[in-house]
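Work through the exercises below with the model open. Try each task before reading its solution.

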Amino acid sequence: MAAASMMVSASALAGPSPATWATDSAPKDADAPQVRRLGNGMRYVILPRQSTASQDAERVSFRMRVDGGWIGESKGEKGLAHLIEHMALEGTRAVAATEIAAMRDRLTVASEWGAWTSPQASEYFLTARTKDIASLDRLMAFFHGIATDMTFTNPGLDRQRQIVTNEMAMRAGSNLRFHQRVHVFAPGSALDLADAYRSPDVTTASTETIDQLYQRLYRPQNVMITIVGDVDPAEIDALIRKYFDSWVVASPAGASQGVPPTPELAENRRVPLSFDRSPSGPPIVLINAVARTEPGDIAPDLRRNGRIAERLLVTIVNQRFAISALRTGSGQVRFSAYEEPNVFRTMQWEGQPVGADWQAMLKTMLAELALLKAHGIDDRELAIAKKRVLRDLAGDRDRRNFATNSQTAERLTADIANGFVSPSAETDYQQDVQAVATANIDQVNAAWRTLIQAAPIQIRVESNALASVADPSAAIAKIVRRQDRRDRAIANLSAHVLSDQLAYRPGAAGAVAADATSPEGVRSVRFANGITLNLVRRNHQGKWLEVAIELNAPIARAKLDYCDAQALPTLFEAGGSRLQSAAAMREAISATDIRFDPFRTTQVGMAANASALNEDIRSAILLYYAALSDPGFRAEGTAAARAQLLSASSASRGDRVSTLLNAVDQASAAARHGHDAPFDAACIKRSTMARSRALLGKIISDGDLQIAVAGNFDEDQMIALFAATFGTMSPRPRLSAPLPTGQWTSPMRVTATADDPADPQTAYAMFWPIGIAPDVHALAVQRMFVTAFSRLLYRRWTEQDDLSYAPRVHLSDLPDWPGNAILFAGSEISKTRQDALATAAREVATGMAQALIDPELLELVRRLELDGLRRSFDEDRVWAYQAAQAGRKQGAVREWRDLERAFPTVTAEEVTSYAKHVFSRPAVPSTFSDLGRSGAFGVAGKN
């Protein structure tokens, strides 16, 4: 269920009639969807499409949307739309629950099967593995049963009541937080009136009440089915007619469609200043402007021009805040603008304070807002924004062209539900490009003034720091009043001028010492200074290049404790270079489209990744060159780094299962170093630029540097660029030190941060130490074993024991113990069900070790692994990642490619034998403790 979804249902296409082509609403482009309506009012969409994704060629995606969702619920029905959605798994009169499970495994793609309920609708989706008409017929029968013939009987009803209750309990905090915001920002709206965030009626509603809502919402006028794939439209049309043409449901009195009209905003109930002293999540400062939009048709060109002007504005404002965060260390701010069609338009600034300092965050946001009010935007900002938006539009077009059938069906369903059918990707792109070209400074500034003047500003602070403030509203108001007095002074200040170039340029080319190409197509160029460039030339039309960097220095890496490994790479990045600050460097590349992933530690050093448009690869390489050849460790970057680290620390605690996995990493690191160094506020405080320089300096200066680039590029030009940058760096020492060795002796239990005793939810996990596979066949066995365990655990926890919790299963390397890994399984869960969940997991493990894996499950797992592997062969980022590992893992690319031959040879006996090996030792629990300091872990005994 998507609690924060902002979609709304649109009116159906005009009046019921015999099935006809909706030529008045569908574009005439070659890839236009065929939008039709049956005589009973049900819409359906057929898009014949030959997917460009190789593994998607034979697949056909189904999607069914049922308008209503939470807003269709009345008193006594809160949460029941979600419950009805879940009952689809319990079967219909025509398709039993056991057949649904078998059909899912045999006929569909496991990763593209599911359902969700939002405030406006329930959607069901699946992807058929083949376009065989018999398979499609069976899947259409399944959709027909969901729409027309669901049953609400036990034991399935009680099982799904528990599952929905568990789901909503796990999301209670974030859902409540979202609902509280909507209540003050958009009172009276459908999102405000919906009470399904708590789902109070799920456990008590009678079968009759559930069935009444089902009959009211699941009616032809509310249903739309979308089919996307390489299909014959006539065959699909006949299939839909076969199952749905005769579907007729009597209209309930007073509501022809069973969905209430969209309520209007209650303008007089909006709250200008609001707060939350105990938010369920990290602290946030919000500035909102919500304006009611008038219903009615808007000329398409005006709508498009307005949307483009808004997109340019969002790009400019976010760029300003990103640079401000690097300069001041005040925390990150994200600006967004979106519309609920025919309901309201929202502008929102969302700031993440540094620790408890919400005041500084609010002051920064108000000051930037005042600058924008006073000066608007300038020509250079607009030129940069146009360049970025044009690139984003090209990316949008390419994503549509290269999207899977499932992704296309999702987009198409949302578009039509919101009242419009997009033209073809190319037509849409060309019209948007024209709108960008004609946009000028006056239009964008006028768009800003229109948006900001259409609704009053509302401010909300959510922070535990408010607990000690006697009157939070007065404290917020005081800052606002002071800022109002500063606005006149700000109007007289000059707007910040962006830096326009990097301080680093290519030099004389360094010599090439070796140049060889592997059988897998990876060209490795080693420069005389010891740095290696690995090139993966890909023959496709993509415009993006993927860069992967690995610095391998095992001895220097071994000196980093858990705190250092988590914190110091962020300080290194925030420290910029000796010639330019990090903020100036990012300003200098603001006109480019480069997506940087932060530097991170690995088992033997550091690594980083980036995606860059082909035309921007030079800027990306120069930025990396500046950081690695001339690191600055500038003290002025400390505040920004600590702000990022505090935000990351707070966000990590929001995911309980990840917190338990991190606790295992922390425990293993403590065992390696002989002391506990948690990633917490004390860690962040001790992390300085001097410490980062002292501990990371050797990794940066002496580490074996492997760089990989994957994509469609000119190899000679790429080698020349690297020769004139990285090839000119100081020689690297030939590091021959072996990886640290040893086996981690795991404790009998790992416990993480004390959980909230008042919260009925917690997380429970367990792990088993597991070795690194010695060869490619052993790796194939290991991966199939992990996937089989995950599937069996899912079936047991969700389908057999009514535990209703989906497991998260990981095969995870231990960062401080090369050669060591763990099999980790965990889930969020009610505190009263931990023992039952643990028992079920141990029984699954015992069963895998004692009996041969079921042949059907083995083939399903083999298919899943092969599908995932073949998808990775199409991803440039994976090629770059694999190629960059050459320094620490010889033959990494060959092993990855050879998995395709290894998976088909794995036997049931090998998987079972491996299960016996792993599960011969008892599972180690990883749980939350009732005592202990934040970020701490405890260990008990040895295992």
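**Exercise 1. Place Val249 and describe its surroundings.**

Val249 sits in the loop that links α8 and β8. Helices (H or I, at least four residues) and strands (E, at least two) are DSSP runs, numbered from the N terminus. This is a predicted model: local features need pLDDT of at least 70, side-chain atom pairs count only at pLDDT 80 or more, and totals for chains, interfaces and linings use all residues. Residues are numbered from 1 along each chain as its sequence is written, and side-chain values use heavy atoms, with hydrogens and water left out.

Step 1: take accessibility. Val249 has 18% relative accessibility, so it counts as buried. The cut-offs are under 20% relative accessible area for buried, over 50% for exposed, and partly exposed in between (1.4 Å probe, protein chains only).

Step 2: list the contacts, meaning heavy atoms within 4.5 Å. Neighbours within four places in sequence aside, Val249 touches Gln215, Tyr218, Arg219 and Pro220.

Step 3: check one distance. Val249 and Arg219 are 30 residues apart in sequence, and their C-alpha atoms are 6.2 Å apart in space.

**Exercise 2. Is Arg270 buried or exposed, and which residues does Arg270 contact?**

Step 1: locate Arg270. The loop between α8 (233-244) and β8 (273-276) holds Arg270.

Step 2: read its accessibility. Arg270 is buried, because its relative accessible area is 15%.

Step 3: collect partners, leaving out neighbours within four places in sequence. They are Val184, Phe185, Pro187, Leu265, Val290, Ala291, Pro456 and Gln458.

**Exercise 3. In what order do the 7 strands of the open sheet run?**

Step 1: write the order. The sheet reads β13-β14-β15-β19-β16-β18-β17, with mixed pairing. Two strands pair if DSSP finds at least two bridges between them.

Step 2: mark the edges. These are β13 (512-517) and β17 (594-601), each pairing on one side only.

Step 3: add the twist. From one strand to the next it averages 15°. Axes are lines fitted to C-alpha atoms, for helices over the stretch in contact, and angles run from 0 to 180 degrees between N-to-C directions.

**Exercise 4. Characterise strand β15 and its pairing.**

Step 1: assess burial. Strand β15 (residues 532-537) has 5 of its 6 residues buried, so the rest of the structure largely encloses it.

Step 2: treat the β14 side. Strand β14 (residues 522-527) runs antiparallel to β15, joined by 5 bridges. Ser524 has Asn534 in β15 as its bridge partner. Arg523 stands opposite Leu535.

Step 3: inspect the hairpin of β14 and β15. There are 4 residues between the strands, and Gly530 takes a positive phi near 95°.

Step 4: treat the β19 side. Strand β19 (residues 704-711) pairs with β15 in the parallel sense over 6 bridges. Leu535 faces Val709 there.

**Exercise 5. Which strands do helices α19 and α28 lie across?**

Step 1: take α19 (residues 617-629). It lies across β16 (544-552), β17, β18 (605-613) and β19, at about 30° to β17.

Step 2: take α28 (residues 876-884). It lies across β14, β15, β16, β17, β18 and β19, at about 25° to β16.

**Exercise 6. Describe how α17 packs against α20.**

Step 1: get the geometry. The axes of α17 (residues 562-574) and α20 (residues 638-652) come within 8 Å and cross at roughly 145°.

Step 2: name the residues. Gln566, Ala567, Thr570, Leu571 and Ala574 of α17 meet Ala641, Gln644 and Leu645 of α20.

Step 3: sort by class. The contact has 5 nonpolar, 3 polar and no charged residues. Here Ala, Val, Leu, Ile, Met, Phe, Trp, Tyr, Cys and Pro count as nonpolar, Asp, Glu, Lys and Arg as charged, and the others, Gly among them, as polar.

**Exercise 7. Where does Ala841 lie, and what does Ala841 touch?**

Step 1: Ala841 belongs to helix α26 (residues 834-850).

Step 2: Ala841 is buried, given a relative accessible area of 1%.

Step 3: Ala841 touches Met766, Leu793 and Trp797, not counting residues up to four places away in sequence.

**Exercise 8. How many helices and strands does the protein have?**

The count is 30 helices and 25 strands. Of the 943 residues, 56% count as buried.
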